[in-house]
Amino acid sequence: MNRLDLRGLPMPEPLQRALHAADALEPGQALQVLTALPPIPLLQALQDRGLRWRTEPLADGGVWVAILRPAA
């Protein structure tokens, strides 16, 4: 599974990079992104694209987001 650490990037770069990587997923592929804050706009955009996601908060306030493009 590919992982992207998007913490420390200026806005809107984390959102743009995460969406670019998510859009490149083939059916059945997954991706994890690490963000500094809960990525509410990202989650909405993923839902709008028909992608599945789940989040896991971290002790430092960051969030892992697992993104999956469902198999066809």
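**Figure 1. Thr-35 in strand β2 of the predicted model.** Thr-35 belongs to strand β2, which spans residues 30-35, in a structure that is a predicted model. With a relative accessible area of 8%, Thr-35 is buried, because this value falls under the 20% cut-off. A polar atom of the Thr-35 side chain lies 2.8 Å from the backbone oxygen of Leu-37. When residues up to four places away in sequence are not counted, Thr-35 touches Arg-7, Gly-62 and Val-63.

**Figure 2. Leu-58 in the loop between β3 and β4.** Strand β3 covers residues 52-57, and Leu-58 lies in the loop between β3 and β4. Leu-58 has a relative accessibility of 26% and therefore counts as partly exposed, the range for that class running from 20% to 50%. Its contacts, not counting residues up to four places away in sequence, are Leu-34, Val-63 and Trp-64. Leu-58 and Thr-35 are separated by 23 residues in sequence, and their C-alpha atoms are 9.8 Å apart in space. Val-63 is touched by Leu-58 and also by Thr-35.

**Figure 3. The largest pocket and its lining.** The space in the largest pocket amounts to about 240 Å³. Its lining is made up of 16 residues, of which Met-11, Pro-14, Thr-35, Leu-37 and Pro-39 are the closest to the pocket centre. Two elements, α1 (13-23) and α2 (40-48), each give two or more residues to the lining. The largest share comes from α1, with three residues. Thr-35 and Leu-37, both among the residues closest to the centre, are also the pair joined by the 2.8 Å approach of the Thr-35 side chain to the Leu-37 backbone oxygen.

**Figure 4. Arg-69 and its surroundings after β4.** Arg-69 lies in the segment that follows β4, a strand of residues 63-68. Arg-69 is buried and has no salt bridge. The nearest side chain of opposite charge is that of Asp-23, at 4.5 Å; no salt bridge is counted here because the cut-off for one is 4 Å. The Arg-69 side chain does reach the backbone oxygen of Ala-22, at a distance of 3.2 Å. Not counting residues up to four places away in sequence, Arg-69 touches Ala-22, Asp-23, Leu-25, Glu-26, Pro-27, Gly-28, Gln-29 and Leu-51. Ala-22 thus appears both in the list of contacts and as the residue whose backbone oxygen the side chain reaches.

Terms used:
Residues are numbered from 1 along each chain as its sequence is written. This is a predicted model: local features need pLDDT of at least 70, side-chain atom pairs count only at pLDDT 80 or more; totals for chains, interfaces and linings use all residues. Side-chain values use heavy atoms; hydrogens and water are left out. Helices (H or I, at least four residues) and strands (E, at least two) are DSSP runs, numbered from the N terminus. Buried means under 20% relative accessible area, exposed over 50%, partly exposed in between (1.4 Å probe, protein chains only). Lys and Arg count as positive and Asp and Glu as negative; His and the chain ends are not counted. A polar contact is a pair of N or O atoms within 3.5 Å; within protein, one must be able to donate a hydrogen and the other to accept it, and residues adjacent in sequence count only if both atoms are side-chain atoms. Contact means heavy atoms within 4.5 Å. On a 1 Å grid over the protein atoms alone, a cavity is a set of points where a 1.4 Å probe fits but cannot get out, and a pocket is an open set with protein on both sides within 12 Å along at least five of seven lines; lining residues have an atom within 4 Å of a point. Grid points are joined across faces, edges and corners, and a volume is the space filled by probe spheres set on the points.
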